[in-house]
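Okay, thanks for squeezing me in, everyone. Let me put the thing up on the screen and then we can walk through it together.

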Amino acid sequence: MRLNTSASVISYAKQLEADSAAFYENMAERYPKAKEISLTFSKENSNYATMIQRAYYGVITDAIEGCFAFSVETDKYTFEREPAKEPGFADALNQAIDMEQKLISFYTDAAEQSKAFMADVPRTFLIVAKKRKGREDKLRTLLKET
Amino acid sequence: MAILEEPVKGILEVKNYIDGEWVESKGEIQDVVNPLNGKVIGRVPISTKEEIDAAVEAAKAAFPDWRTTPPVARARCLFRLKELLEANFEEVSRVQTQEHGKTIDESRGETRRGIENVEVACGIPTLMQGYNSEDIASGIDEYLIPTPLGVFGIIGPFNFPFMIPLWSAPYAVATGNCVVIKPSSEVPLSQMKIAELVDEAGFPPGVWNVVNGGRTVVNGMLDHPDIEGITFVGSTPTAKDVIYPRCGATGKRVIAQGGASNFMVIMPDCNLRATIPALMTSFFGNAGQRCLAGQNVIVVGDDDRFYKAFIDGVVDTARKIVIGNGLDEEVQMGPVRDAEKKKKILSYISSGIEEGAKVILDGRSDFKIKGDYPDTCFLGSTIMENVKPEMKIVTEEIFGPTMGILRVKTLDEAIKICDDNPFHNADAIFTSNGRTAREFKYRVKSGNVGINVGIVAPMAFFPFSGMPDSFFGILHTQGKEAIRFFTESKVVIERWP
């Protein structure tokens, strides 16, 4: 599905944050050694969704290209809401890394598309992408230790 | 993506808000229709002369107490209103989409702009400060005190039902005046919602009044001796031939904003990737129904390769615009407000063709509506080439989703076309050359000038400018100019022998 409007991209971003939070909650339940970090990530997701919504509501006006600022192909960014059933902890971590990479790529692509139009929204997207990069590094460290 | 829930479920009975009470009108009742599907979502009264008189009387009675209320206390009422508007942001935005048809992004943008005016007016304790000179002669001081005048009338249009009355009302009441607002009878629900929040915010009765209706209410405002001034946004014929002269005849202050036929000047060095979306928003946003919308593009230069790339880009992008229900978050363009307006837009397209323009994207037929809705009020984007400055589609305001394309050799010719047009509301240039941009900005006769910006909508702390035949008056709405408009300069010279 292609999304062009700010309203649809913001809703999609919020949905990705909710899905990713669901993934980490599931991971916390299944792998006690990742409980703390997973629940922290899940909570951060909720903050990111709030930041994104606040940036959008704060900046949207008739002077900017709200309906024409994006060209997001959502198929590129889909991921599973929960870790795969059978595999072990290392596979779940790899799945989480893959998910984070998709989310980083979504936020970076969306920021690039809208940077000339949506002012604070692409800036916020890049902040979230940067935070997620830090998260990816943490997950990789955890994977090495496993 | 799901379609957002409609806030108006049944049929809202719109009442007048006079002296802090919701009052039934004795006037005839008119349906408020959602242009998306023809569904009646409200009933609005066409109020009588007695009702507008009652509102003015209530405002006049409220004025002495309100003007002596300290500006900081008046600001606190506005702060409460701002908080309530934020809390109801999504609901009031969706109401706009339901009554007008615009997309949810556009409605949220309108809400944000409206709230920004309330925010700016919250600064009234400093905005309203006067100035002084000590010792204009030995032992004599002189100072200026901005003082409120009394009652102001605010007449709103159909295209921005929420925002436009807020270009004036917050400043009017912040400065100590009282207001009577007449929303467009086609889209009265947004102002009703605002009045509910005004009521909740605790403004004293009579400070903020809303009277629904048509000509009788407008005439009642224009003729009323107790109304000190009028702000109006609507068509140029009404602004120029009715509002402006009649305010003059009755000694009222006036801000009369009319129509437009704006140009977007495209230089061959512009960044097409950024320019095309800006043009889509300018020409087709709000279905072209705004006085800041681009109506015609002027492509400068004789670079045919650039021209072809430009035309291919705009036509291809415009063709793909998703048209449908504004509450569907994927939709990029909603319907026009009603079938009559659609008919008028169609007649302009026909007139363009008769005068020699060539349709390269036909929004009369070449469009698809997303979802199962009647096409009564829908149009696609129309793009016409071979447009000449003397054609009606250039000299008159279309107010619909159309783009005419003119070609000239030089920037001088482009500026001349802008300046020779009867309207001077908003013109913009798209270029990567600072010198060209400065030249355009410096020379073009236009109230609002854009550089790589397609909708030149001034923020609330700048005036919403305009020049004839798009504007009649001296001061403008919004910001410091609004503060001046709503106050008289009282000058005091003081000596203590």
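Let me start with a question: on the two faces of β8(B), which residues are covered? Just so nobody gets carried away, this is a predicted model. Now, on one side of β8(B) you have Val151(B), Gly153(B) and Ile155(B), on the other Phe152(B) and Ile154(B), and all of them are buried. That goes with the general picture that side chains in a regular strand alternate between the two faces of the sheet. Put as a count, five of the five residues of strand β8, residues 151–155 of chain B, are buried.

So who sits beside that strand? One neighbour is strand β9, residues 178–182 of chain B, joined to β8(B) by five bridges and running parallel with it. If you want a spot to click on, Val151(B) is opposite Cys178(B) in β9(B). Helix α6, residues 169–174 of chain B, completes a right-handed β-α-β unit with β8(B) and β9(B). Another neighbour is strand β11, residues 227–233 of chain B, again parallel to β8(B) and again over five bridges. There, Phe152(B) faces Gly229(B) in β11(B).

Now a bit earlier in the chain. Strand β6, residues 131–137 of chain B, pairs with strand β7, residues 140–148 of chain B, in the antiparallel sense through four bridges. These two strands make a hairpin with two residues between them, and Gly139(B) in that turn has a positive phi of about 80 degrees. Ala137(B) has Ile140(B) in β7(B) as its bridge partner. β7(B) has another antiparallel partner, strand β23, residues 487–495 of chain B, and nine bridges join them. Leu144(B) is matched with Val491(B) over in β23(B).

Let's zoom out to the whole of chain B. How many helices and strands does chain B come to? There are 16 helices and 23 strands. In a box along the principal axes, its C-alpha atoms fill roughly 80 × 60 × 40 Å. The radius of gyration is 23 Å, which agrees with the value near 23 Å for a compact globule of 497 residues. Buried residues are 56% of those 497. And if you take contacts in chain B with a separation of 6 or more, 74% are between residues 24 or more positions apart.

The domain assignment splits chain B into domain 1, 12–258 + 470–495, and domain 2, 262–451. Their C-alpha centres are 32 Å apart. Where they touch, domain 1 of chain B brings 20 residues and domain 2 of chain B brings 26. On the domain 1 side, α3 (89–100) and α4 (104–121) of chain B each supply at least two residues. By class, that side of domain 1 of chain B has five nonpolar, 11 polar and four charged residues.

One residue I'd like you to look at is Ser381(B), in the loop between β17 (369–370) and β18 (382–385) of chain B. Is Ser381(B) buried or exposed? It's buried, because 28 other C-beta atoms lie within 10 Å, and the cut-off for buried is 20 or more. Setting aside residues up to four places away in sequence, Ser381(B) touches Phe284(B), Ala318(B), Ile321(B), Leu361(B), Gly363(B) and Pro401(B). To relate that back to where we began, Ser381(B) and Val180(B) are 38 Å apart, C-alpha to C-alpha, and 201 residues apart in sequence.

Last stop, chain A. It comes to four helices and two strands, and the order along the sequence is β-α-α-β-α-α. Its C-alpha trace spans about 50 × 25 × 20 Å along the principal axes. For 146 residues a compact globule would have a radius of gyration near 15 Å, and chain A, at 16 Å, agrees with that. Of those 146 residues, 42% are buried. Among contacts in chain A between residues at least 6 apart in sequence, 77% join residues at least 24 apart.

And how do the chains meet? The contact uses 19 residues from chain A and 24 from chain B. Helix α1, residues 6–30 of chain A, gives the most to chain A's side, with four residues. By class, the chain A side has 10 nonpolar, seven polar and two charged residues.

That's my tour; happy to take questions.

Conventions:
Residues are numbered from 1 along each chain as its sequence is written. Chains are lettered from A and ligands numbered from 1 in the order in which they are written. This is a predicted model: local features need pLDDT of at least 70, side-chain atom pairs count only at pLDDT 80 or more; totals for chains, interfaces and linings use all residues. Domain bounds come from an automatic or database domain assignment. Two residues are in contact if their C-beta atoms, placed from the backbone, lie within 7 Å. Ala, Val, Leu, Ile, Met, Phe, Trp, Tyr, Cys and Pro count as nonpolar, Asp, Glu, Lys and Arg as charged, and the others, Gly among them, as polar. A residue is buried if 20 or more other C-beta atoms lie within 10 Å of its own, exposed if 12 or fewer, and partly exposed in between; C-beta atoms are placed from the backbone. Two strands pair if DSSP finds at least two bridges between them. A crossover is right-handed if, with the strands pointing away from the viewer, the path from the first strand over the helix to the second runs clockwise. The radius of gyration is taken over C-alpha atoms; the globule rule is 2.2 Å times the number of residues to the power 0.38.
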